[in-house]
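Biologist: Hi! I'm new to this protein and would love a quick tour. Could you put it on the screen for us?

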Amino acid sequence: MDVEVVGRVLSTLPQDDDHPYRTGPWRPQTTEWRAEDLRVVEGEIPADLDGVYLRNTENPVHPALERYHPFDGDGMVHVVGFRDGKAFYRNRFVRTDGLLAEREAGGPLWAGIAERPADSPRQDGWGARGRMKDASSTDVVVHAGVALTSFYQCGDLYRLDPLTLETLGKAEWGGAFPHDLGVSAHTKVDPHTGELLFFNYGTAEPYMHYGVVGADDRLSHYVEVPLPGPRLPHDMAFTENYAILNDCPMFWEPDLLARGRYAARFHPELPTRLAVVPRRGGARPIQWFEADPTYVLHWVNAYEEGDEIVLDGFFQGEPEPKDTGEGGAYQRMFRFLALDRMQTRLHRWRLNLVTGRCREERLTDSITEFGVLNNAYGGRRHRYAYAATGLEGWFLFDGLVRHDLLTGDEERFGLPAGVYGSEPAMAPRVGSTAEDDGYLVTLTTDMNEDRSECLIFDAARVADGPLARLRLPERISSGTHATWAAGDSIPGWRDAESPAHALRL
Ligand SMILES: [Fe+2]
């Protein structure tokens with residue numbers, strides 16, 4: 001393995017930090033690495049695994065003003081690229097405006113998710129509530145050959161070279177990027193059309209918008225999706241002809257909001273509302289459906305079947321977990337992030353476009369979340385979902401599950417105690433024709449050995465354990481979202497200067 005330090009940042013976090021989402025498996029990194037020809041410690045890298053696994057990470061550099069929330073951390077992206085049976089690695093901070101301003105100031109300039117925006121030293125900012133830092137640390141996708149990072153509560157989309165992770169600037173979409181409201185995490189790329197679908201939300205009417213960016217990276221469609229008030233949608237889905245947006249009955253308490261406090265509360269007396277929006281406009285109006293009250297953090301996919309839209313996602317049985325008094329102060333404070341406390345289960349909603357009715361069913365009793373699929377099946381009928389299991393009481397992933405939604409079968413792989421995974425990504429084998437013909441890729445944070453590895457699984461045989469384990473230069477932090485991009489979708493993948501090319505030398 002050829003390893004080089006390419007950058008370091010000066011952290012001002014306290015030496016005696018006791019925040020569980022800034023220490024242990026969430027300890028942020030301060031070093032940026034470049035590593036070629038990663039050491040394979042077990043198995044072999046499949047020769048038909050060709051492309052990049054990208055993962056975003058909340059990686060704070062400075063303390064919070066008062067109370068750190070794990071989604072506040074600065075964005076750091078990790079890439080593991082595979083070509084010709086070899087692999088390279090990079091990790092780089094996303095050079096956001098907020099990161100650069102705080103580096104200049106030497107400390108925090110904006111309030112975080114668990115703080116009051118009015119307490120931000122800076123008057124400007126980003127986010128659905130305003131006066132927040134756009135950390136761009138939540139999600140990452142690849143659109144038009146460029147990696148785009150995004151922030152949980154809306155912001156700019158930062159453009160990164162998907163091989164070197166150099167920050168290239170922000171998405172502008174031909175001058176039409178909605179900088180006033182920003183864009184939420186969980187933009188969706190339709191591999192069949194090359195389009196990027198997105199939404200945003202805020203505290204002013206109409207409270208939500210939906211838009212489309214073409215394969216040419218220009219905004220082609222942007223419409224209002226009016227809501228009854230400020231809401232907290234986190235994810236969307238799409239089919240060949242429709243985008244699916246949501247109005248879940250979990251939102252900032254209106255009377256507190258009027259006093260500048262942002263406290264999300266669940267309203268079990270209200271239905272979940274699902275919007276079917278024509279993808280590119282036209283005469284058909286937005287059609288709303290009512291379903292059982294819940295909060296959905298993440299959808300898996302949607303597709304059209306006759307008069308119905310089939311929508312799969314994770315139903316929360318307890319969107320607002322009660323404080324039972326168990327665990328330490330931080331564990332109680334962040335009980336909203338533990339999958340077992342939220343009771344997240346795969347669920348299917350069937351939206352009938354003719355009758356206007358929604359039928360729904362629980363697909364499994366198993367608690368999983370952060371579900372992904374073979375992206376070639378995005379918006380099309382899918383059979384498999386690959387998801388993470390959570391460590392009881394914490395926001396940490398302790399295993400993987402392959403859900404067969406046709407048979408109901410589940411294949412599991414549990415990580416050893418003290419080893420935590422990332423959201424996996426499904427990498428179709430080069431030339432694959434079947435949905436689960438490919439690999440699952442994830443990164444681990446191993447607290448036993450103080451190291452991180454990249455694990456590669458056969459997507460059809462998850463329970464068999466990894467086909468290969470590769471060593472990363474340093475233990476990385478836990479994080480949220482990841483994606484896969486095939487080599488042939490990345491400009492320069494086969495050029496002489498490409499990191500992928502360097503592997504052959
Ligand atoms: Fe998310």
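Modeller: Here is a short walk through the sheets, some loops, the cysteines and the cavities. Please keep in mind that this is a predicted model.

Biologist: Thanks! Let's begin with sheets. In what order do the strands of the five-strand open sheet come?

Modeller: The order is β3-β34-β33-β31-β30, and the pairing is antiparallel. At the edges sit β3 (40-43) and β30 (425-428), each of which pairs on one side only. From one strand to the next, the twist averages 20°.

Biologist: How many bridges hold β3 and β34 together?

Modeller: Three bridges, with β3 and β34 (residues 468-471) pairing in the antiparallel sense. To find a spot on screen, look for Val40, whose bridge partner in β34 is Leu470.

Biologist: And what is the strand order in the open sheet of four strands?

Modeller: That one runs β15-β16-β19-β20, with antiparallel pairing. Its edge strands are β15 (237-238) and β20 (287-291). Strand β19 (residues 272-278) is joined to β20 by five bridges, and Arg273 has Glu290 as its bridge partner in β20.

Biologist: Nice. Now a hairpin: what's between β9 and β10?

Modeller: Six residues lie between those strands, and in this hairpin Leu165 takes a positive phi near 65°. The strands themselves, β9 (residues 158-160) and β10 (residues 167-170), pair in the antiparallel sense over three bridges. Tyr158 has Lys170 as its bridge partner in β10.

Biologist: Why point out a positive phi?

Modeller: Because most residues other than glycine have a negative phi. Arg131 is another case, with a positive phi of about 50°; you'll find Arg131 in the loop between α1 (97-105) and β7 (139-143). Cys154 also has a positive phi, near 80°, and sits in the loop between β8 (146-150) and β9.

Biologist: Which peptide bond is cis, then?

Modeller: The bond from Glu205 to Pro206 is cis, with omega near 5°. Pro206 is in the loop between β12 (195-201) and β13 (208-213).

Biologist: Back to Cys154 for a second. Is Cys154 buried or exposed?

Modeller: Buried, because its relative accessible area is 0%. Cys454 counts as buried too, since its relative accessibility is 0%, and so does Cys248 at 2%.

Biologist: How many disulfides does the structure hold?

Modeller: Zero. Take Cys248: the nearest cysteine sulfur, that of Cys358, is 12 Å away.

Biologist: OK, changing topic. How many cavities of 30 Å³ or more does a search of the whole structure find?

Modeller: The search finds three. The largest cavity has a volume of about 190 Å³. It is lined by 21 residues, and the closest to its centre are Asp72, Glu102, Trp110, Gly112 and Lys133.

Biologist: One last place: where does Gly418 lie?

Modeller: Gly418 is in the loop between β28 (410-414) and β29 (419-420).

Biologist: Which residues is Gly418 in contact with, leaving aside neighbours within four places in sequence?

Modeller: Those are Thr445, Asp446, Met447 and Asn448. Glu449 is 31 residues from Gly418 in sequence, and their C-alpha atoms are 9.1 Å apart in space.

Biologist: And is Gly418 buried or exposed?

Modeller: Gly418 counts as buried, because its relative accessibility is 17% and the cut-off for buried is under 20%.

Biologist: Great, thanks for the tour!

How values were computed. Residues numbered from 1 in each chain as written. Predicted model: local features only at pLDDT ≥ 70, side-chain atom pairs only at ≥ 80, totals over all residues. Heavy atoms only, no water. Helix = DSSP H or I, 4+ residues; strand = E, 2+ residues; numbered from the N terminus. Buried < 20%, exposed > 50% of the residue type's maximum accessible area, 1.4 Å probe, protein only. Contact = heavy atoms within 4.5 Å. Pairing = 2+ DSSP bridges. Disulfide = S-S within 2.5 Å. Axes fitted to C-alpha atoms, helices over the stretch in contact; angles between N-to-C directions. 1 Å grid on protein atoms, 1.4 Å probe; cavity = no way out; pocket = protein on both sides within 12 Å on 5 of 7 lines; lining within 4 Å. Points joined across faces, edges and corners; volume = space filled by probe spheres on them.
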